[in-house]
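Biologist: I am new to this structure and would like a close look at one part of it. Could you start with the whole chain and then take me to the chosen spot, step by step?

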Amino acid sequence: IQRLARVKMSFEQQSRALSLDQIVPLRTLRPGTKDGKKYAQIRGSIKAIGLVEAPVVAPDPTRPDRFFLLDGHLRVEALRDLGVTTVECLV
């Protein structure tokens, strides 16, 4: 009988509330992105019902107070534009 290998968790078990100032995007939005339909849909959804999917971040190994944004660039930008200052993230 083979033993099943233990699967290492990729995320922390608990999400973390982070200040948007702590989150560093790994890429910049292309010019015109905020004028697009997808951005408008995301912004409208967040405004109407709140954030559905948490952004994914990774700790900056050189600064414990900073996190790199891996997924959710449009969501984080929409939150900034809506005046939100903190967001629950998967780390």
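Modeller: Happy to, and let us begin with the overall shape. Please keep in mind that this is a predicted model. The chain has a radius of gyration of 16 Å, whereas a compact globule of 91 residues would come in near 12 Å. Along the principal axes, the C-alpha atoms fill a box of roughly 55 × 35 × 25 Å. Of the 91 residues, 24% are buried. The accessible surface comes to about 6,900 Å², and carbon and sulfur atoms hold 53% of that area.

Next, the elements. You will find two helices and five strands in the chain, and reading along the sequence gives the pattern β-β-α-β-β-α-β. Among contacts with a separation of 6 or more, 75% are between residues 24 or more positions apart.

Now to the part I would like you to look at: arginine 75, which lies in helix 2. Is this residue buried or exposed? Arginine 75 is buried, because its relative accessible area is 13% and the cut-off for buried is under 20%. What does arginine 75 touch, leaving aside residues up to four places away in sequence? The list is Ile42, Ile46, Leu51, Glu53, Ala54 and Pro55. For Glu53, there is a backbone figure too: the C-alpha atoms of arginine 75 and glutamate 53 are separated by 8.6 Å, although the two residues are 22 apart along the chain.

Arginine 75 also has a charged partner. Side chains of opposite charge can pair when their charged atoms come close. Here, arginine 75 forms a salt bridge with aspartate 71, with 3.0 Å between the closest N and O atoms. While arginine 75 is buried at 13% relative accessibility, aspartate 71 is partly exposed at 35%. Elsewhere, salt bridges that share partners join Lys34, Glu77 and Asp81 into one network.

Let us follow that network for a moment. Lysine 34 forms a salt bridge with glutamate 77, and their closest N and O atoms are 2.9 Å apart. Lysine 34 sits in the loop between strand 2 (23–25) and helix 1 (37–49), while glutamate 77 belongs to helix 2, so this pair ties together parts that are 43 residues apart in sequence. Lysine 34 itself counts as partly exposed, with 37% relative accessibility.

Just before helix 2 there is one more residue worth a visit. Glycine 72 is found in the loop between strand 4 (63–71) and helix 2 (73–81). At 6% relative accessibility, glycine 72 counts as buried. Its C-alpha atom is 20 Å from that of proline 61, and these two residues are 11 apart along the chain.

Strand 4 spans 63–71, and another charged pair can be found by looking at arginine 63 and aspartate 65. These two form a salt bridge with their closest N and O atoms 3.3 Å apart. Arginine 63 is partly exposed at 37% relative accessible area, and aspartate 65 is also partly exposed, at 40%.

To finish, step back to the whole set of charges. A search of the whole structure finds five salt bridges. The chain has 15 positive and 10 negative charges, and the mean positions of the two groups are 5 Å apart.

Definitions and conventions
Residues numbered from 1 in each chain as written. Predicted model: local features only at pLDDT ≥ 70, side-chain atom pairs only at ≥ 80, totals over all residues. Heavy atoms only, no water. Helix = DSSP H or I, 4+ residues; strand = E, 2+ residues; numbered from the N terminus. Buried < 20%, exposed > 50% of the residue type's maximum accessible area, 1.4 Å probe, protein only. Rg over C-alpha atoms; globule rule 2.2 N^0.38 Å. Contact = heavy atoms within 4.5 Å. Areas by Shrake-Rupley, 256 points an atom, 1.4 Å probe, with all protein chains shown as cover. Lys, Arg positive; Asp, Glu negative; His and termini not counted. Charge placed at Lys NZ, Arg CZ, Asp CG, Glu CD. Salt bridge = Lys/Arg side-chain N within 4 Å of Asp/Glu carboxyl O.
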